[in-house]
Amino acid sequence: MTSVVTTSAPAACWACRAALGGSPLLCAACGKVQPAAGIDYFQVFGSVVGFERRLTIDTAALEREFHRLSRRLHPDRFARATAQEQEWSLAATALLNDAYRTLRELVQRTEYLLKLEGFEIGEEFAGKNKTAKRQPPADLLEEVFELNMQLEEMRMNRKMGESDPALHSELTAVSLRFESELAKLDNNLVEKGAAWDAGAAAGDSAGRATAAKDMAAQLDRRRYLRNLVRDVNEALSTDKES
Amino acid sequence: MAYSDKVIDHYNNPRNVGQMDKSSDEVGTGLVGAPECGDVMRLQIRVNPETQVIEEAKFKTFGCGSAIASSSLATEWVKGKTVAEALEIKNTDIVKELALPPVKIHCSVLAEDAIRAAIGDWKKKNNVAETAEVAVAAH
């Protein structure tokens with residue numbers, strides 16, 4: 001883990017040489033679009049998130065900045081500019097959209113930050129790194145396994161044209177419990193995100209690393225629960241139709 | 001993505017699906033999962049205490065076709081092997097046998113983990129040291 005991460009200082013505008021404040025995609029002085037290469041999502045919204053990878057974000061301000069930049073970077077505005085600027089405006093607009101969609105959601109934002117910080121998060125890394133593998137806690141696995149057994153039983157019942165009201169209501173209760181646990185996990189993520197931000201402000205890289213590790217674990221558990229909630233609800237809705 | 005014929009065969013006709021008595025001293029149970037994709041896999045072995053040969057293996061997997069095929073194959077392979085021999089099974093062997101594409105390699109890793117977890121559980125129950133080489137009495 002590196003020490004406190006600040007993104008590289010915004011460079012100067014290629015056209016007027018003014019220092020780039022605000023978003024590195026757009027020169028505030030002359031309004032020219034800037035090349036988007038090598039700019040991460042947090043940098044795109046640097047004026048909102050403070051040119052630092054912060055997780056506690058004012059989403060209303062984020063939305064305002066998104067709309068402002070969307071208008072200023074829109075390819076239509078560059079219809080009569082050079083081919084290079086037209087190309088940059090397309091790239092900048094695409095990056096802006098991706099950045100906004102990712103940063104406005106807590107879970108996506110956290111996952112994105114952890115990936116930038118070198119954590120292997122998400123399905124594409126499953127099992128790739130054998131030494132750093134994270135086995136979920138045994139109690140969670142037991143619970144997941146049992147629940148899957150119940151779901152299978154319900155599907156089998158349904159195939160036979162039967163339905164088991166007791167099982168149905170039991171699974172409904174399970175679904176609700178998981179939903180509330182998901183909400184709890186999200187609250188936890190907000191807290192850990194604040195700890196991450198505080199670590200940044202205090203130059204406490206160890207504190208940051210701990211917060212990042214906690215968040216990675218929370219996201220694992222969340223992914224499991226989210227899949228389960230989806231499966232349970234799917235099974236419940238088809239069960240109802242019978 | 002297209003599954004290989006072997007994966008489809010194991011998926012349609014999974015070998016050794018089921019469960020054994022978890023509380024039996026002869027039975028080792030491994031329950032593993034991949035948080036990334038939400039798969040969960042239970043693999044059980046029944047070991048002959050005299051010969052340390054795995055006489056029976058059962059599995060139950062909730063996950064994609066590759067995960068089911070990997071664990072099905074794993075139960076076939078461990079059966080008849082001694083505990084020590086079963087530990088030699090590598091996920092890469094499973095990948096080769098089932099022709100798993102790169103994105104499904106983690107399914108084979110999970111199956112190898114499940115074998116190790118089941119054997120680990122059996123060793124714990126029977127006070128076999130994790131590090132000690134399991135001598136094969138049959139020889």
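These legends accompany several close-up views of a predicted model. Local features need pLDDT of at least 70 and side-chain atom pairs count only at pLDDT 80 or more, while totals for chains, interfaces and linings use all residues; side-chain values use heavy atoms, with hydrogens and water left out. Residues are numbered from 1 along each chain as its sequence is written, and chains are lettered from A in the order in which they are written.

**View 1. Chain B from end to end.** Let's start with the overall make-up: chain B holds five helices and three strands, where helices (H or I, at least four residues) and strands (E, at least two) are DSSP runs numbered from the N terminus. Read from the N terminus, its elements follow the pattern α-β-β-β-α-α-α-α. Of its 139 residues, 53% count as buried, meaning under 20% relative accessible area with a 1.4 Å probe and protein chains only. Chain B exposes about 6,200 Å², and carbon and sulfur atoms supply 50% of that area (Shrake-Rupley method, 1.4 Å probe). Among contacts in chain B (heavy atoms within 4.5 Å) with a separation of 6 or more, 62% join residues 24 or more positions apart.

**View 2. The open sheet of chain B.** Three strands appear here in the order E1-E2-E3, with antiparallel pairing; two strands pair if DSSP finds at least two bridges between them. Strands E1 (27-34) and E3 (54-62) of chain B stand at the edges with a single partner strand each, so one side of each has no neighbour in the sheet. On average, neighbouring strands are turned by 15° against each other, direction ignored. Eight bridges join E1(B) to E2 (residues 39-47) of chain B. To follow the register, find Leu31(B), whose bridge partner in E2(B) is Arg42(B).

**View 3. Helices across the sheet.** Helix H5 (residues 105-125) of chain B lies across E1 and E2 of chain B, at about 145° to E1(B). Chain A joins in too: its helix H6 (residues 138-159) lies across E1, E2 and E3 of chain B, at about 75° to E3(B). These angles run from 0 to 180 degrees between N-to-C directions, with axes fitted to C-alpha atoms, for helices over the stretch in contact.

**View 4. Around Thr93(A).** Thr93(A) sits in helix H4 (residues 83-103) of chain A, and it counts as buried because its relative accessibility is 18%. Beyond its neighbours within four places in sequence, Thr93(A) is in contact with Leu73(A), His74(A) and Pro75(A). Leu69(A) is 24 residues from Thr93(A) in sequence, with 8.4 Å from C-alpha to C-alpha.

Terms used
Buried < 20%, exposed > 50% of the residue type's maximum accessible area, 1.4 Å probe, protein only.
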